[in-house]
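Here's a quick walk through a model, starting with the overall fold and then zooming in on a few residues. Have a look at it first.

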Amino acid sequence: TEDCAGVCGGDAEVDECGVCGGDNSCEYVPYFDTVWDEMYSTLMAVYIESAELDGDDLGNGDEVGIFDGDACVGVARLDSPIDETYQIFVPADNSSTSEIDGYIAGNPIAFLYWDVSSQTVYSDINITIISGSSTYQDFANTTVELSYDTIYGCTDIEACNYSSDANTDDESCEYLDPYYCSCEMEVLDDCGICGGNNADMD
């Protein structure tokens with residue numbers, strides 16, 4: 001038999017990067033971009049103990065973005081699963097500049113995942129605070145464990161079977177039939193009341 005290089009009896013294999021005979025030293029294009037070019041002197045330390053996606057550790061090429069609202073204030077770019085605490089410093093906003101270039105003290109700390117294998121961004125990350133604050137604080141630190149569990153269901157709030165717990169749409173949404181005025185298949189009575197019994201008629 002031939003190996004991936006077409007050599008009969010060869011032992012070349014495709015590595016984790018999809019390279020025949022590679023050494024797993026993948027080079028990935030960064031996904032998350034921080035709002036700052038140079039860190040402001042006021043900082044906060046974030047320690048990530050673990051980062052899991054559906055029970056599996058994030059790994060080589062994956063990223064954990066640290067956010068204040070829509071502003072990415074820090075990025076952990078992984079080259080392997082987190083087996084020791086990952087430390088990253090994030091800067092506060094520099095009030096002397098016109099743009100937002102860091103976190104605002106008191107705002108909640110949020111995280112997003114970039115999963116390189118599926119080319120997918122995951123929000124609504126579950127955050128377990130091991131120590132420290134869940135909000136940004138100057139010259140403070142926080143230690144977290146992160147996880148994301150896929151929950152399938154209907155994610156359209158306009159649908160009759162909308163699930164507030166679901167974070168991944170499974171195309172199961174059911175919508176109101178135009179004949180009815182509610183998802184309980186009620187109809188308008190003669191008084192124009194949905195599900196009414198004409199009680200207001202003279």
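What follows goes from the whole chain to one sheet and then to single residues.

This is a predicted model, in which local features need pLDDT of at least 70 and side-chain atom pairs count only at pLDDT 80 or more, while totals for chains, interfaces and linings use all residues. Residues are numbered from 1 along each chain as its sequence is written, and side-chain values use heavy atoms, with hydrogens and water left out.

**Whole chain**

The protein chain has 0 helices and 11 strands, and its pattern along the sequence is β-β-β-β-β-β-β-β-β-β-β. The radius of gyration is 25 Å, well over the 17 Å that the globule rule gives for 202 residues, so the chain is more spread out than a compact globule. Helices (H or I, at least four residues) and strands (E, at least two) are DSSP runs, numbered from the N terminus. The radius is taken over C-alpha atoms, and the globule rule is 2.2 Å times the number of residues to the power 0.38.

Along its principal axes, the C-alpha trace spans about 85 × 65 × 35 Å. Of the 202 residues, 31% are buried (buried is under 20% relative accessible area, exposed over 50%, partly exposed in between, with a 1.4 Å probe and protein chains only). The chain exposes about 12400 Å², with carbon and sulfur atoms supplying 44% of it; these areas come from the Shrake-Rupley method with a 1.4 Å probe. Taking contacts (heavy atoms within 4.5 Å) with a separation of 6 or more, 49% link residues 24 or more positions apart.

**One open sheet**

Four strands make an open, antiparallel sheet in the order β4-β3-β6-β7. β4 (71-77) and β7 stand at the edges with a single partner strand each, so one side of each is left without a neighbour in the sheet. On average, neighbouring strands here are turned by 25 degrees against each other, direction ignored. The angles use lines fitted to C-alpha atoms, and run from 0 to 180 degrees between N-to-C directions. Inside the sheet, β3 (residues 63-68) and β6 pair in the antiparallel sense over 5 bridges, and F67 has A110 in β6 as its bridge partner. Two strands count as paired if DSSP finds at least two bridges between them.

**Residues to click on**

Is T142 buried or exposed? At 0% relative accessibility, T142 counts as buried. It lies in strand β9 (residues 141-148), and a polar atom of its side chain is 2.8 Å from the backbone oxygen of S133. Beyond its neighbours within four places in sequence, T142 is in contact with residues including M44, V46, Y47, I109 and I129.

Two loop residues other than glycine have a positive phi:

| Residue | Phi | Loop | Relative accessibility |
|---|---|---|---|
| D54 | about 50 degrees | between β1 (43-53) and β2 (56-57) | 41%, partly exposed |
| Q119 | near 55 degrees | between β6 (110-115) and β7 (120-122) | 52%, exposed |

N60 is in the loop between β2 and β3. Not counting residues up to four places away in sequence, N60 touches N24, C26, Y28, L78, D79, S80 and V116. Its C-alpha atom and that of S131, 71 residues apart along the chain, are separated by 27 Å.

Methods:
A polar contact is a pair of N or O atoms within 3.5 Å; within protein, one must be able to donate a hydrogen and the other to accept it, and residues adjacent in sequence count only if both atoms are side-chain atoms.
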